[in-house]
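Please open the structure in a viewer and set the display to cartoon. The tour below proceeds by selection, one region at a time.

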Amino acid sequence: MTKREKHVSGAPRRNFYGRIKGKSLQKSQERYMSEDLEALKPKNVTWADNPDRNLIHPREWFEDDREIWLEIGFGGGEHLVHQASSNPDKGIIGCEPYINGVAMLLGKIRSAKVNNIIVHPGDARDMMDILPKETISRAFLLYPDPWPKTRHHRRRFVTPEHLEPLAACLKSGAIFRVATDIEDYVRQTLEEVHLNGNFEWLAESASDWKQPWDDWISTRYELKALRENRTPHYLTFRKI
Ligand SMILES: C[S@@+](CC[C@H](N)C(=O)[O-])C[C@H]1O[C@@H](n2cnc3c(N)ncnc32)[C@H](O)[C@@H]1O
């Protein structure tokens with residue numbers, strides 16, 4: 001696919017370093033993709049392909065003026081569906097370019113029968129480009145790709161080029177949660193979030209970053225980290 005071709009999300013493809021597709025989808029997953037995805041995608045969007053952002057308020061995708069949350073890189077969707085079913089009064093936008101993950105999420109949405117999720121099967125940067133300022137009340141970044149090599153650290157999500165649009169679309173007082181098992185990612189997150197200047201870290205003692213959030217469910221990547229004896233870190237920030 002060339003850079004200008006559209007991804008399944010409808011947005012022009014951008015320089016994404018991760019995987020878009022893994023092994024072939026199961027028959028049932030292909031069915032979810034063809035039967036369910038279109039209705040769950042954000043409506044009436046002209047994806048911004050340039051700095052002239054074409055903004056759309058996400059309340060147009062939900063029935064009412066509810067609080068809206070954002071999950072960046074939902075993987076297989078376990079946390080997204082868990083939060084959606086525990087918080088039926090919230091609307092949650094999930095972004096994930098990895099199509100196999102999107103297909104897994106669609107299966108979970110069917111089983112859980114939740115109706116408060118919008119699925120952007122693409123890059124969270126596309127979403128942040130079209131969200132007006134101060135629209136999101138909570139954002140989740142759970143086990144982002146670690147990019148362990150020093151020369152790849154700029155590919156990590158927690159960099160100025162992502163934090164700036166994220167901070168812009170979060171409301172004042174909004175919560176931004178980051179979970180990671182990579183100590184150097186913790187370091188980079190604390191440094192970059194501090195440098196961004198729009199957030200305060202809410203930890204008062206070690207238990208605040210060692211203990212999972214009360215409403216937490218382990219994701220696939222967390223379970224893998226635990227199996228491989230890496231320690232999860234749970235960082236909570238508030239937009240000032
Ligand atoms: C290590 S996986 C973690 C998945 C899931 N959050 C979990 O904990 O199991 C990181 C995910 O982030 C997704 N990702 C990476 N960059 C992204 C971006 N710019 N927008 C949305 N998702 C992204 C990847 O496709 C991948 O599925």
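Two strands are said to pair if DSSP finds at least two bridges between them. With that term in hand, note that the model on the screen is a predicted one, and begin with the sheet.

**The sheet.** Select strands S1 to S7. Seven strands form an open sheet, and their order across it is S3-S2-S1-S4-S5-S7-S6, with mixed pairing. Strand S3 (117-120) and strand S6 (199-201) are at the edges; each has a single partner strand, so one side of each is left without a neighbour in the sheet. From one strand to the next, the twist averages 20 degrees. As background, the strands of a sheet pair through backbone hydrogen bonds, in either a parallel or an antiparallel manner.

**Strand S4 and its neighbours.** Next, select residues 136-142, which make up strand S4. Is this strand mostly covered or uncovered? It is mostly covered, with seven of its seven residues buried. Add strand S1 (residues 68-72), which pairs with S4 in the parallel sense over four bridges. To find one of these contacts, show Trp69, whose bridge partner in S4 is Arg138.

Now add strand S5 (residues 170-180), which pairs with S4 in the parallel sense over six bridges. Here Ile136 has Leu170 in S5 as its bridge partner. Include helix H6 (residues 160-169) in the selection as well: S4, H6 and S5 make a right-handed β-α-β unit.

**An antiparallel pair.** Move to S6 and strand S7 (residues 233-239), which pair in the antiparallel sense over three bridges. Show Glu200 and its bridge partner in S7, Arg238.

**The largest pocket.** Switch to a surface display. The largest pocket holds about 1,300 Å³ of space. Which of its 49 lining residues are the closest to its centre? They are Glu96, Tyr98, Tyr143, Asp145 and Tyr221. Elements that each supply at least two residues of the lining include S1, S4, helix H4 (99-112) and helix H9 (220-227). By class, the lining comprises 20 nonpolar, 13 polar and 16 charged residues.

**The largest cavity.** Finally, look inside the model. The count comes to one cavity of 30 Å³ or more, and about 80 Å³ of space lies in the largest cavity. Select some of the residues that line the largest cavity, among them His7, Arg13, Phe16, Pro97 and Asp126. The lining of this cavity has five nonpolar, three polar and four charged residues.

Conventions
Residues numbered from 1 in each chain as written. Predicted model: local features only at pLDDT ≥ 70, side-chain atom pairs only at ≥ 80, totals over all residues. Heavy atoms only, no water. 1 Å grid on protein atoms, 1.4 Å probe; cavity = no way out; pocket = protein on both sides within 12 Å on 5 of 7 lines; lining within 4 Å. Points joined across faces, edges and corners; volume = space filled by probe spheres on them. Nonpolar A, V, L, I, M, F, W, Y, C, P; charged D, E, K, R; others polar. Buried < 20%, exposed > 50% of the residue type's maximum accessible area, 1.4 Å probe, protein only. Right-handed = clockwise from strand over helix to strand, strands pointing away. Axes fitted to C-alpha atoms, helices over the stretch in contact; angles between N-to-C directions.
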